[in-house]
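Please open the model in the viewer and display side chains. The tour proceeds by selection, with a note on what each selection shows.

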Amino acid sequence: MAVEDKHVLLGFMIDQQHKRRFNAAMQLEGTTASVRLREAIAQFLDELDAGVKNPQIKLDLQDKKSK
């Protein structure tokens, strides 16, 4: 595994009620908060690298099967 491929812990504080609600929403989507946040950060960085002006971190919260 290359150095760039290693996963590291990213920590931040969030209101406990928000965490519970977000985790429940992710469970309904069949995924986890960690997966969605990793995907959103990767997409943001890809857009930044592609020269997108003012990229935003976006969470795709629709079940991919229903698209």
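**First selection: threonine 31**

Select threonine 31, which sits in the loop between α1 (16–29) and α2 (33–49). The model is a predicted one. Is threonine 31 buried or exposed? Its relative accessibility is 18%, so threonine 31 counts as buried, the limit for that class being under 20%. Setting aside residues up to four places away in sequence, threonine 31 touches Met26 and Arg36.

**The whole chain**

Now zoom out to the full chain. Its secondary structure consists of two helices and zero strands. Of the 67 residues in the chain, 10% are buried. The exposed surface of the chain comes to about 6,100 Å², with 56% of it supplied by carbon and sulfur atoms. Among contacts with a separation of 6 or more, 34% are between residues 24 or more positions apart.

**Second selection: arginine 36**

Return to arginine 36, one of the residues that threonine 31 touches. Arginine 36 has a relative accessible area of 6% and is therefore buried. Which residues share a salt bridge network with Arg36? The network links Glu29, Arg36 and Glu39.

Add glutamate 29 to the selection: in its salt bridge with arginine 36, the closest N and O atoms are 3.6 Å apart. Glutamate 29 is partly exposed, at a relative accessible area of 22%.

Next, add glutamate 39, whose salt bridge with arginine 36 also has its closest N and O atoms 3.6 Å apart. Arginine 36 and glutamate 39 both belong to helix α2, with their positions three residues apart in the numbering, about one turn of the helix. Glutamate 39 is partly exposed, with a relative accessible area of 39%.

**Third selection: glutamate 47 and lysine 58**

Move along helix α2 to glutamate 47. Because its relative accessibility is 16%, glutamate 47 counts as buried. Apart from neighbours within four places in sequence, glutamate 47 is in contact with Val52, Pro55, Gln56 and Lys58.

Select lysine 58 as well and display the N to O distance: the side chains of glutamate 47 and lysine 58 meet in a salt bridge at 3.2 Å. This pair links distant parts of the chain, eleven residues apart, with glutamate 47 in helix α2 and lysine 58 in the segment after α2. The two side chains also make a polar contact, at 3.2 Å. Lysine 58 is partly exposed, its relative accessible area being 39%.

To finish, display every salt bridge together: a search of the whole structure finds three.

Key: Residues numbered from 1 in each chain as written. Predicted model: local features only at pLDDT ≥ 70, side-chain atom pairs only at ≥ 80, totals over all residues. Heavy atoms only, no water. Helix = DSSP H or I, 4+ residues; strand = E, 2+ residues; numbered from the N terminus. Buried < 20%, exposed > 50% of the residue type's maximum accessible area, 1.4 Å probe, protein only. Contact = heavy atoms within 4.5 Å. Areas by Shrake-Rupley, 256 points an atom, 1.4 Å probe, with all protein chains shown as cover. Polar contact = N/O pair within 3.5 Å; in protein donor to acceptor, adjacent residues only side chain to side chain. Salt bridge = Lys/Arg side-chain N within 4 Å of Asp/Glu carboxyl O.
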